[in-house]
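My notebook is open, and I am going through this structure one look-up at a time. Come along and check each entry against the picture.

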Amino acid sequence: MLTENSMQKPRKRILTGDRPTGPMHIGHYVGSLENRVRLQDEYDCFFIVADYQFLTDHLSETEKIEHNIRQTILDWLSVGMDPAKSTFFIQSMVPEIAELTMYFSMLVSLARLHRNPTVKEEFKESGLRAMSYGFLGYPVSQAADILIVRSHLVPVGDDNVAHVEQTREIARTFNRIFRDVFPVPEPLIGEVPRLPGTDGKKMGNSMDNAIYLSDAPEEVCRKVGAAITDPARIRAIDKGHPDICNIYQYHLAYNREEAPDIAELCQQGKIGCVACKQNLAAKLNAFLDPIRERRAFFKARPSIVREAVREGNERTCQKGRETIDLVRQAMHFNYKELAGVK
Ligand code: TRP
């Protein structure tokens, strides 16, 4: 008998997620988290905590990983990603991903991996002397993350677009050589693909230039107060250049309505940086307040996190088995007869 669910057209799938390298910041929100929350009803969403990827540039810090994973999931819950609607899971707990990575590794040339601009940039930032095989190859493992659930759409910030492109090539190559198993997934870039850090460089965990979703109100005020603005502007009455000001980028992202007026006042030298920053800090804190509240709620209820991950891992493994069966059939890798598999 058809249940109500099976009569509906199956929803398309999303897969995206994060490396558990530290707390998530306001750049992550407008880059990707906002899209995830918005699309949870429309799509069947899978959200991955990419702990294998943590190993690429944090190999000697694995004692932090469990704590970091918990923080990442609290970040997700606090922005409104909802395990009742979506599937949360941990990369290393779905072994089908590792298996799929193995097959995919045969479909990508070394030269192609060396050209990936995000890998190059991350290697430079990492300060490591040599690049491991796993570091160079992590985009292949990311393709397996995305394709293990045969995802159609991948909401990401702009630094991950290169990986989605590589995933699309892998999906096409597999489909061409063997059989049509995979959709060719599309990237979906957030409203603000790259929010600069308070110092104008890439917002990140390592350089104290990020405003975290978990920062206390005073911390937000302190960081905004210390941010670099238009360097040519010394006195409040000097004419400002919002297009080169980090704080203005934050107004565009988090104070959209007032942003055009602020740009005008700044250009005319009618609003000083101090007032402009105070306004922004207040807007950011108003945005962050409900997020802080939800974080406190979930932090006090660890069983919600535990159940979300347990169920999510299980659901993803199930979907992963389905994909691996299709892959092995397509590749003539099903030795049912030979090995007496029922
Ligand atoms: N590379 C992503 C990051 O930098 C994390 C990630 C792992 C991911 N697997 C993914 C993102 C699959 C999108 C899809 O945080």
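**Entry 1: Val-140**

Which residues does Val-140 touch, not counting residues up to four places away in sequence? I noted first that the model I am reading is a predicted one. My list for Val-140 came out as Thr-101, Phe-104, Ser-105, Val-108, Leu-113 and Ile-170. I found Val-140 itself in helix H8, where it counts as buried at 4% relative accessibility. I also looked up a C-alpha distance: Val-140 and Thr-167 are separated by 7.4 Å, with their positions 27 residues apart along the chain.

**Entry 2: helix H5**

Two names on that list, Thr-101 and Phe-104, sent me to H5, residues 95-104, where both are among the buried residues. The others buried there are Glu-96, Ile-97, Leu-100 and Tyr-103. Why do I place these residues on the same side of H5? They cover an arc of only 160° around the axis, so they share a side of the helix.

Next I asked what covers the buried residues of H5. My notes include strands S2 (44-49) and S3 (87-90), together with helices H8 (133-148), H9 (161-177) and H14 (302-330).

**Entry 3: domains and cores**

I then stepped back to the whole chain. The domain assignment gives domain 1 as 13-195 + 302-339 and domain 2 as 215-296. Their centres, taken over C-alpha atoms, are 34 Å apart. I wrote down 14 residues from domain 1 and 10 residues from domain 2 as taking part in the contact.

How much area do domain 1 and domain 2 bury between them? The value is about 1000 Å², and 62% of it is on carbon and sulfur atoms. On the domain 1 side, Ile-26, Ser-78 and Leu-195 supply 48% of the area buried against domain 2, more than any other three residues.

The largest nonpolar core has 54 residues, and I marked Ile-73, Trp-76, Leu-195 and Leu-213 as those with the most contacts inside it. Domain 1 and domain 2 both give residues to this core, so I place it between them. Apart from it lies another core, of 32 residues, including Tyr-103, Phe-104, Leu-113 and Phe-174.

I looked more closely at Trp-76. Leaving out residues up to four places away in sequence, Trp-76 touches Gly-17, Asp-18, Met-24, Leu-33, Arg-36, Phe-47, Ile-48, Val-49, Met-81 and Phe-88.

**Entry 4: Gly-80**

Gly-80 sits in the loop between helix H4 (65-79) and S3. Its relative accessible area of 24% makes it partly exposed. Beyond its neighbours within four places in sequence, Gly-80 is in contact with Val-37, Gln-40 and Arg-294. The last of these caught my eye: Gly-80 and Arg-294 are 214 residues apart along the chain, yet their C-alpha atoms are separated by 8.2 Å.

**Entry 5: cysteines**

How many disulfides does a search of the whole structure find? My search found zero. For Cys-266, the nearest cysteine sulfur is that of Cys-245, 6.3 Å away. For Cys-276, the closest cysteine sulfur is also in Cys-245, at 6.4 Å, which is too far for a bond. I noted Cys-266 as buried at 11% relative accessible area, and Cys-276 as buried at 12%.

**Entry 6: backbone angles**

Most residues other than glycine have a negative phi, so I went looking for positive values. Arg-150 has a phi near 50°, and His-332 has one near 60°. Arg-150 is in the loop between H8 and strand S4 (153-156), while His-332 lies in the loop between H14 and helix H15 (336-339).

Are these two residues buried or exposed? Arg-150 is buried, with a relative accessible area of 11%, whereas His-332 is exposed at 65%.

**Entry 7: Gln-278**

My last look-up was Gln-278, which is in helix H13, residues 273-299. Gln-278 is exposed, with a relative accessible area of 56%. From C-alpha to C-alpha, Gln-278 and Ala-227 are 12 Å apart in space and 51 residues apart in sequence.

Methods:
Residues are numbered from 1 along each chain as its sequence is written. This is a predicted model: local features need pLDDT of at least 70, side-chain atom pairs count only at pLDDT 80 or more; totals for chains, interfaces and linings use all residues. Side-chain values use heavy atoms; hydrogens and water are left out. Buried means under 20% relative accessible area, exposed over 50%, partly exposed in between (1.4 Å probe, protein chains only). Helices (H or I, at least four residues) and strands (E, at least two) are DSSP runs, numbered from the N terminus. The arc is that of the directions from the helix axis to the C-beta atoms. Contact means heavy atoms within 4.5 Å. A disulfide is a pair of cysteine sulfur atoms within 2.5 Å. A nonpolar core is a set of buried Ala, Val, Leu, Ile, Met, Phe, Trp, Tyr and Cys residues joined through side-chain atoms within 4.5 Å. Domain bounds come from an automatic or database domain assignment. Buried area is the accessible area (1.4 Å probe) that two parts lose on being put together, summed over both.
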